[in-house]
Amino acid sequence: MSHTLICSPTSPFVRKAMVLRLEAGLQDRVALQPVATNALNTAPDARAANPLGKIPALLRDGDSTLIDSRVICRYLDELAGSNLYPADRLYDVLSLEALADGMMESAVSMVYEALLRPETERSPAWVEAQWSKVSHALAALERGDFAALQGDLNMGQIAVACALDYLDFRHPNRNWQADCPNLAAFQKTFAARASMADTYPAA
Ligand SMILES: N[C@@H](CCC(=O)N[C@@H](CS)C(=O)NCC(=O)O)C(=O)O
């Protein structure tokens, strides 16, 4: 079956699937279809693939379209047999991935607030409430509360690495590394993977 990933080079949710695609050697089986989309201006291909208009979405030739990065990554991992959701720590990995996705959601919504909302409708308190979610997640990761951050490569780790890079890409002034040396070291080690270098967000 052939597959097409509706994607964008700046989305951290898309990047999770792009990194998996490279780590699992799925380049020949998953084609890329870039779109430019956002909450106020949905790309027709994104809307056609997903009623929510969100990316990533995965078109499967002759079968249903998959939506949501967690669903897509789980499916691609099974397709490739890459074992990025190992059975013996499945729920730890899924929780770690959920945490990273939550960080992305907050970080993306902060960007939308700044870029898409008229200045008079912006709420600094709301933006800081979103950042508070991110910084609590960073602190939990730094303390080692999420065990799946350690050990063999898994999808939770990939998601965290994508979330951290997105913070640097979109919120460089937050300087989260100052309070999180362990996490900064994790990010640096992870950045050496070719899959991460090849997918670093580009404006
Ligand atoms: N839970 C979704 C979130 C996807 C998401 O929010 N993607 C953003 C791009 S970073 C998007 O498509 N935004 C357009 C919109 O909100 O309409 C996932 O994990 O795939």
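Q: How does the span of α4 compare with what its 27 residues should give at 1.5 Å a residue?
A: The expected span of a helix is 1.5 Å times one less than its number of residues, and helices here are DSSP runs (H or I, at least four residues), numbered from the N terminus. For α4 this gives 39 Å, which agrees with the 37 Å between its end C-alpha atoms. The model is a predicted one, in which local features need pLDDT of at least 70, side-chain atom pairs count only at pLDDT 80 or more, and totals for chains, interfaces and linings use all residues. Residues are numbered from 1 along each chain as its sequence is written.

Q: Which residues of α4 are buried?
A: A residue is buried if 20 or more other C-beta atoms, placed from the backbone, lie within 10 Å of its own. An α-helix has 3.6 residues a turn, so residues three or four places apart point the same way. The buried residues of α4 include V93, L96, E97, A100, M103, M104, A107 and M110, and what covers the buried residues of α4 includes α1 (12-23), α3, α5 (124-143) and α6 (155-170).

Q: Which helices each supply at least two residues of the shell around the ligand?
A: Both α3 (69-80) and α4 (90-116) do so. The ligand is surrounded by 15 residues, among which S11, F13, A39, K54 and S69 are the closest.

Q: Where do the bounds of domain 1 and domain 2 fall?
A: Domain bounds come from an automatic or database domain assignment, which for this chain gives domain 1 (3-80) and domain 2 (87-194). Their centres, taken over C-alpha atoms, are separated by 20 Å.

Note on methods
Near = placed C-beta within 6 Å. Buried ≥ 20, exposed ≤ 12 C-beta atoms within 10 Å, placed from the backbone. Contact = placed C-beta atoms within 7 Å.
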